[in-house]
Amino acid sequence: YNSSSSAHNGTGYLNLYPYSSSPNIVALPTTTTPLNQLRLTFWMRTNGTSSYYGRMEVGLMDDISDPSSFRLYKTYSATTLPSTEWIKYMLDFDTMTVTENTHIVFRCIVDNGYSWYLDDISLDLIPTCEAPTELAFINTTPNSVTVKCNPGEGTNFNVYYKTINDEEYTMLSGAVLNEDSTFQIMNLNPATNYTIYVTTVCDDG
């Protein structure tokens, strides 16, 4: 569907809009890398969080011409979504049995003709270590910010930051968190908006 006002990014997105009990199905292309080595990342939203909006199922199919071959992996019910805003989701298929003909499939089941939206779908190798989560800014001064995160099992991190007008990020390499899982970024410009993200330094580099 082409609409910059509704898309998460750019102008195009998938609009799954079943009118009956027959589901809408979207199958991703097969990959040369086995799917159980890949992480699926996607953004999703609905227009409502009541039972009328049904559910989105993510699974696998070895034969996309045979609906009965669908193997359910994860269900997202509209009634359990936190909001109608775009939300990022990630799924690993490392526990699933796959073949070279296996497809990842989104299956939307709604009885009343309500929409689910999908955007920015990507497949990447499952990382050897997990990214930090729950990034938050807990203290700011005119020239610095203290950032807190849930580091998981990570011990060393790369911190990237830039102003919204910069093209390139500045990297703080090998940052180590304080005992309270915080770190500080110094020498910032006053009254300036910044974008900041943090990555874990994995053992394999």
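Me: In what order do the 4 strands of the open sheet stand?
Reply: In this predicted model, 4 strands form an open sheet with antiparallel pairing. Read across the sheet, the order is 1-8-3-6.

Me: Which strands stand at the edges of the sheet, and what is the average twist from one strand to the next?
Reply: Strand 1 (14-16) and strand 6 (87-92) each have a single partner strand, so one side of each is left without a neighbour in the sheet. These two strands therefore stand at the edges. From one strand to the next, the twist averages 35°.

Me: Over how many bridges do strand 3 and strand 8 pair, and which residue is the bridge partner of Met44?
Reply: Strand 8 covers residues 116-125, and strand 3 pairs with it in the antiparallel sense over 8 bridges. The bridge partner of Met44 in strand 8 is Leu118.

Me: Is Arg39 buried or exposed?
Reply: Arg39 belongs to strand 3, which spans residues 38-46. A residue counts as buried under 20% relative accessible area. Arg39 has a relative accessible area of 11%, so the residue is buried.

Me: With which side chain does the side chain of Arg39 make a polar contact?
Reply: Leaving aside residues up to four places away in sequence, Arg39 touches several residues, among them Met90, Asp92, Asp124 and Glu130. The side chain of Arg39 makes a polar contact, at 2.7 Å, with the side chain of Asp92.

Me: How many disulfides does the structure hold?
Reply: A disulfide is a covalent bond between the sulfur atoms of two cysteines. Cys108 is buried at 0% relative accessibility, and Cys149 is buried at 5%. The number of disulfides in the structure is 0.

Methods. Residues are numbered from 1 along each chain as its sequence is written. This is a predicted model: local features need pLDDT of at least 70, side-chain atom pairs count only at pLDDT 80 or more; totals for chains, interfaces and linings use all residues. Side-chain values use heavy atoms; hydrogens and water are left out. Buried means under 20% relative accessible area, exposed over 50%, partly exposed in between (1.4 Å probe, protein chains only). A polar contact is a pair of N or O atoms within 3.5 Å; within protein, one must be able to donate a hydrogen and the other to accept it, and residues adjacent in sequence count only if both atoms are side-chain atoms. Contact means heavy atoms within 4.5 Å. A disulfide is a pair of cysteine sulfur atoms within 2.5 Å. Two strands pair if DSSP finds at least two bridges between them. Axes are lines fitted to C-alpha atoms, for helices over the stretch in contact, and angles run from 0 to 180 degrees between N-to-C directions.
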